[in-house]
Amino acid sequence: MSEVHKFLFDGLPVRGMLVRLTDDWTGLLARREGERAHPAPVRALLGEMAAAGVLMQASIKFKGALLLQLHGDGPVRLAVAEVRSDLGFRATASVTGELPPDAGLAAMVNAGGGGRCSITLDPEDKLPGQQPYQGVVPLHGDRREPLGRLSQVLEHYMLQSEQLDTRLVLAADDRVAAGLLIQRLPVDGEGNLGARNEDEIGLNEGYNRIAHLASTLKAEELLGLDADTILRRLFWEESVRRFEPLAGADGPRFSCTCSRQRVIRMLQGLGREEFDGLIAERGLAEVGCEFCGAQYRFDAVDGGEVFTAARDQPPTSRAVQ
Ligand SMILES: [Zn+2]
């Protein structure tokens, strides 16, 4: 079962989280089998993105969708993982070129050095005119050194945009997508209301020790061992306070938010002329969901309903959509 484990280190300003996506991860991959399957390195990248997205969403508890996206200038144009507040997640990628079986992050999304990683927080209950919050980082470090792993990109992001020391270990194969996050708590003690100890960036001894231990975790251990074994092996000399794992109904799981209604809004945005063109050409307008593979079909009769409904709506609501 897919699960999230949260833990703290007694007496240290450090928190940790471990995620393992198992049946939900294989279920996501099963929706794209055979010819439609993404190449192996892209599947591994999406697994790491899904695990990282769950870790970030579970640590900020944002009421809305967290979107982790890689905008590439290589064979992978876009890779997306979305995690909502209930930890429902989905992920997909758009791949245009051939990939060597051992392609790394740079070969996939940063071939020309122009790749970017963005993190978008899209609130559930948006106020009128409210835009989603978005932070963007390049796929290289402060000295323009290329970053070879997604975990490094995200560590860089957390430091730049959140002033948070973070250590991430991510790994994914076709059975498991998993991640370990260690983070220095941004706030000092209870009496110190909300004061961020930013001057401690990189300097807290407790955090540095725990982060170093975390970085010794190998991908095969993260993928092959259960959470209890991993935490015991890494932190056996530390005093770790564990919390009830989030699993089952409270845990991370694959789910897609696509619906016929959303596709109808998309078709309305496209316009009647475009829709009629599709019908004239193929007799059918078909829209597939890139995330879950669901197919939505509309014929000429449906078209009448789609566009009558659009006309009945006040013009302002159409403009917003
Ligand atoms: Zn879908």
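Student: Which residues of α4 are buried, and what makes a residue buried?

Tutor: The model is predicted, so local features require pLDDT of at least 70, side-chain atom pairs count only at pLDDT 80 or more, and totals for chains, interfaces and linings use all residues. Residues are numbered from 1 along each chain as its sequence is written. A residue is buried if 20 or more other C-beta atoms lie within 10 Å of its own, exposed if 12 or fewer, and partly exposed in between, with C-beta atoms placed from the backbone. In α4, L150, S151, V153, L154, E155, Y157 and M158 are buried.

Student: What covers these buried residues of α4?

Tutor: The cover includes α2, α3 (105-109), β6, β7 and β8 (166-172). Cover is judged by contact, meaning that the C-beta atoms of two residues, placed from the backbone, lie within 7 Å.

Student: Why is α4 called a helix, and how does its reach compare with the expected span?

Tutor: Helices are DSSP runs of H or I of at least four residues, strands are runs of E of at least two, and both are numbered from the N terminus. α4 has 13 residues. The expected span is 1.5 Å times one less than the number of residues; α4 reaches 17 Å from its first C-alpha to its last, close to the 18 Å expected. α2, with 21 residues, reaches 30 Å, close to the 30 Å expected.

Student: What happens to the backbone just after α4 and just after α2?

Tutor: Q163, just after α4, takes a positive phi of about 55 degrees. K61, just after α2, takes a positive phi of about 50 degrees.

Student: What makes α2 mostly covered?

Tutor: Of the 21 residues of α2, 18 are buried. The helix, residues 40-60, lies across β3, β4 (76-84) and β5 (88-95), at about 35 degrees to β4. Helix α4 (residues 150-162) lies across β6 and β7, at about 125 degrees to β7. Such angles run from 0 to 180 degrees between N-to-C directions, and the axes are lines fitted to C-alpha atoms, for helices over the stretch in contact.

Student: How do you know which helix or strand gives the most to the largest nonpolar core?

Tutor: A nonpolar core is a set of buried Ala, Val, Leu, Ile, Met, Phe, Trp, Tyr and Cys residues joined through C-beta atoms within 7 Å. The largest has 65 residues, and those with the most contacts inside it are M49, A50, A51, A52 and V54. α2 gives the most to this core, with twelve residues. Leaving aside neighbours within four places in sequence, V54 is in contact with V4, V19, V83, L87, F89 and P252. In soluble globular proteins, nonpolar side chains tend to be buried together.

Student: How do you know that β3 and β6 pair, and in which sense do they run?

Tutor: Two strands pair if DSSP finds at least two bridges between them. Eight bridges join β3 (residues 64-71) to β6 (residues 116-123), and the two run antiparallel. A65 has D122 as its bridge partner in β6, and H71 stands opposite R116 in β6. β3 also pairs with β4 in the antiparallel sense, over seven bridges; L66 stands opposite V83 in β4. A hairpin of four residues joins β3 to β4.

Student: Why are β7 and β12 said to stand at the edges?

Tutor: Six strands form an open sheet in the order β7-β6-β3-β4-β5-β12, with mixed pairing. β7 (133-138) and β12 (253-254) each have a single partner strand, so one side of each is left without a neighbour in the sheet.

Student: Why is H140 called buried, exposed or partly exposed?

Tutor: H140 has 17 C-beta neighbours inside 10 Å, so it counts as partly exposed. H140 is found in the loop between β7 and α4. Leaving aside neighbours within four places in sequence, H140 is in contact with E145, P146 and L147. H140 and Q152 are twelve residues apart in sequence and 9.0 Å apart in space, C-alpha to C-alpha.

Student: What makes the protein chain as compact as a globular protein of its length?

Tutor: The chain comes to eleven helices and 14 strands. Its radius of gyration is 22 Å, close to the 20 Å that the globule rule gives for 321 residues, so the chain is as compact as a globular protein of that length. The radius is taken over C-alpha atoms, and the rule is 2.2 Å times the number of residues to the power 0.38. Buried residues make up 32% of the 321 residues.
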